[in-house]
Amino acid sequence: MTTARALDAIQTQSTGIDFLHSLKEASIAGILTMVVLGPITNLVLDQYDFHFYPLREPILVNGIMLGFVVALGRLFFSLLVQTRSGHDLMQRIGRHSAVSTDTDHDRPRRKKRHIVPALTLSLLASAILATLGLTGAIHKGAAFALILVVLFVWLSYGISVPKRRGEPNSWRISVPLLFAAGFLLPIVLNQAGLLPKVWLSNLTLALIYVLLGLGLNIVVGMAGLLDLGYVAFYAVGAYFLALGAQYLEMGFWTALVLAPLLAAASGAILGFPVLRMHGDYLAIVTLGFGEIIRLVLTNWVDFTGGPNGMPAPAPTFFGLEFSRRASEGHEPFHTFFNLPYSGDYKALFIYLILFAIVAIMLRFLNRLRYMPIGRSWEALREDEVACRSLGINHVNVKLSAFMLGAVTGGVAGVFFATYQGFINPSSFNFFESVLILSIVVLGGMGSTLGIIIAALALTLLPELLRDFAAYRVLIFGLLMIMMMIWRPYGLIRPRRPTFPARVPHAQ
Amino acid sequence: MDSYILGQQLVNGLTLGSIYGLIAIGYTMVYGIIGMINFAHGDVYMISAYISAIALAVVSYFGVQSIPFALLFTLIITMIITGMYGWSIERTVYRPLRSTNRLAPLISAIGVSLVLQNYVQIAQGPNVQGVPTLIDGSFRVGTPEHFVQIKYMSLMIIVISILAMGILTWLIHGTSLGRQFRATQQDRKMATILGINTTRIISMVFVIGSVMAAIAGVLVTLNYGSFDFFIGFIVGIKAFSAAVLGGIGSLPGAMLGGLLLGILESLFSGYVSSDYKDVFSFSVLVLVLIFKPSGLLGRPAVEKV
């Protein structure tokens, strides 16, 4: 290390700054960018003809301009690296990149995190936003939804934070309090007219993605099995509710109980033959399965309704329906409680059940990490050969991860179907799998809190930034690439649950 | 079962299969040399379809009447630009990740695939694009009632594919570059020690794979006449299936797998159901991976401890 550094120093000193070299590099980069992107962006096809737009706006889709930008950037960095301090700076940045993860492991001290203060601050900030919202300065629904989001993140942090054995645990009281707040606040806010149905729906969708992210996290993050067909289990859950209602007169609650079993069974059927396989083969096989399921759902028109989709029933509150007029032999919710009819009740009810289930799932998944099964997942991810030689049945352990992931996906699917009231196969395409995967990747594979934040961000931010809707997928893709190169452990690096060392005085 | 129907399906299958084979080469070469599934390869093929349409439009804008010249120009321009795509993607995205675990390159390859698709969608619009039919007509083999119809375009696809694969085989087995490639494929570390610039070889592999995809892109665009930004996904997976079927990492395997998958697929859609032909191709992929992961011509993977 020191010799290398000395060598670098000598080199930088002896050569000085070579402008010509930098210019050459910059122009090559610029010309390459122009040639690669120019035809696609500046020559736009129109029927059998084309239009030439040399000054196209925005600059992102103007290859000629991008060429100049890239050339300038390259020139800047090329000159920067040739100065002493710039060289050191680049070295320091490079040390965090994916190439040098080995040294990252050995870093003795981790940075202390300040998550609780950060959460308190963001709660305060969102409360301020909410009061602003009351005056009408910003959208009040969004502001109050933000409060709920912060509360939810806080709750999930409280559930998943590693607790030391034998130390006083302040979360014992605050987690139930947070849960109660997260459960009751939406009712109060909605009845006060501060949280309209739109935002309840957005929050519900966000929680569905949290659930999906948590499920895929078991498979990809903890067990290290890249599953590109995760959406298949999501589809199984959703179609189970819709088909069950259509053919077996099954209600939401029955489906909610049975769908996980069905999803687990399908996970086992799909998983068992493929889990002997190597990492990337598994990815492709699961992708194939996902596509097969989607194509069958699309083409089997008699049974699934094909591309037209089919309706899915809404949940009932102890047999009371949320529709304006109940079906034969049932009573609507609003007449039973002598309330005026409102579509909000249904949205609110779905949100609340989902919230409770996500909280239970969080607790459950967090416990799993401490249990032998969770530890074997992570061990198997790190070194399969070593685990097998230690007597871990790798197929069974992987299968359990695969099945638990499937269960979570199935539950999410039931909620998705009932939330939409209608499903069709286009909701379960490959992009959906990629979206869930990017939640897991961005959040940090294996880190519960990171995944929750990523899921909330990736589903709620597009609602706020509608202007950038066209660029959404592009940004996802770029984020995936950049995260893999610069932060392969995600936004929040997973903290492995540890037990206090049992060595009293190692002297 | 009439033999002329079978013959027709075989011709269709060969046409389709040559395309799969050309694209499968990109998957199999990259997998052979760095053990990574280049998920974005299908989208490189999609890009080449767009570039070929743009090149054709530009040629006709300048009033070139000669069809052979227009085709040659389109082919060469598309090969060059698509090759540059392959090089740039490898240089910017995959090279920084070469020493990481196996998941990272695959995930970023998915990212590249998303970026390419969405970028083209933004730049060129989401509509289906097309090119005019340049090579028309067909000839018939057989009796006037029972015949196999072969389009000139199909013939051209098969001939050009065979030519391209022949050149590639010569490149791999007869040149210094090919020798370096084979050495790198066998043992990268040892090849580096022996003075082979393996980084350059890996870049070249991406370029060659993309150039092959570009040939496929030009041929498909001319044959079907229409394409959109999403064509790379399905074709990419099928070409990957072809590579797996033939034995991933093996060049003759990719060609054989491509032809075989093309023929199987058109037989299936001819005799069973054309709605489920994609399901069939994916099932072939899944079944091969489960029962014979080394494929037809591949060597079984040895797990090194």
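Domain bounds here come from an automatic or database domain assignment. Everything shown is a predicted model, where local features need pLDDT of at least 70, side-chain atom pairs count only at pLDDT 80 or more, and totals for chains, interfaces and linings use all residues. Residues are numbered from 1 along each chain as its sequence is written, while chains are lettered from A and ligands numbered from 1 in the order in which they are written.

**View 1. Chain A, split into its domains.** Domain 1 covers 9–97, domain 2 covers 113–195 and domain 3 covers 207–486. Going from the C-alpha centre of domain 1 of chain A to that of domain 3 takes you 41 Å. Chain A carries 21 helices and six strands; helices (H or I, at least four residues) and strands (E, at least two) are DSSP runs, numbered from the N terminus. Of its 507 residues, 44% are buried. Buried means that 20 or more other C-beta atoms lie within 10 Å of the residue's own, exposed means 12 or fewer, and partly exposed is in between, with C-beta atoms placed from the backbone. Two residues are in contact if their C-beta atoms, again placed from the backbone, lie within 7 Å. Take the contacts in chain A with a separation of 6 or more, and 75% of them come from residues 24 or more positions apart.

**View 2. Ile208(A) in the largest nonpolar core.** A nonpolar core is a set of buried Ala, Val, Leu, Ile, Met, Phe, Trp, Tyr and Cys residues joined through C-beta atoms within 7 Å. The largest one has 246 residues, and Ile208(A) and Leu241(A) touch the most other members. Which residues is Ile208(A) in contact with, leaving aside its neighbours within four places in sequence? Look for Leu354(A), Ala412(A), Phe415(A), Phe416(A) and Tyr419(A).

**View 3. The hairpin of E1(A) and E2(A).** Strands E1(A) and E2(A) run antiparallel and are joined by four bridges; two strands pair if DSSP finds at least two bridges between them. One bridge partner to pick out is Phe50(A) in E2(A), which goes with Leu45(A). Side chains alternate along E1(A): Leu43(A) and Leu45(A) point to one face and are buried, whereas Val44(A) and Asp46(A) point to the other and are not. The hairpin has two residues between the strands, and Gln47(A) takes a positive phi near 50°.

**View 4. Where chain A touches chain B.** Chain A puts 50 residues into the contact and chain B puts in 53. Elements of chain A that each supply at least two residues include helix H2 (19–42), strand E1 (43–46), strand E2 (49–52) and helix H11 (252–274). H12(A) gives the most to this side, with 14 residues. Sorted by class, the chain A side has 40 nonpolar, seven polar and three charged residues. For that sorting, Ala, Val, Leu, Ile, Met, Phe, Trp, Tyr, Cys and Pro count as nonpolar, Asp, Glu, Lys and Arg as charged, and the others, Gly among them, as polar.

**View 5. Tyr370(A) in helix H15 of chain A.** The helix runs over residues 344–370. Tyr370(A) is partly exposed because 14 other C-beta atoms lie within 10 Å. For scale, Tyr370(A) and Met484(A) are 114 residues apart in sequence and 27 Å apart in space, C-alpha to C-alpha.

**View 6. Chain B and its hairpin of E2(B) and E3(B).** Chain B has eleven helices and four strands, and 54% of its 305 residues count as buried. Its radius of gyration, taken over C-alpha atoms, is 19 Å, which agrees with the value near 19 Å for a compact globule with 305 residues; the globule rule is 2.2 Å times the number of residues to the power 0.38. Now zoom in on strand E2 (residues 138–142) of chain B, which is hardly covered: the count of buried residues among its five is zero. Five bridges join E2(B) to strand E3 (residues 147–151), running antiparallel, with four residues between them in the hairpin. Ser138(B) stands opposite Lys151(B), and Gly142(B) has Phe147(B) as its bridge partner.

**View 7. Ile248(B) in a loop of chain B.** The loop sits between helix H9 (231–246) and helix H10 (251–271). Is Ile248(B) buried or exposed? Ile248(B) counts as buried, because there are 31 C-beta neighbours inside 10 Å. Apart from neighbours within four places in sequence, its contacts are Thr28(B), Tyr31(B), Ala243(B), Gly295(B) and Gly298(B).
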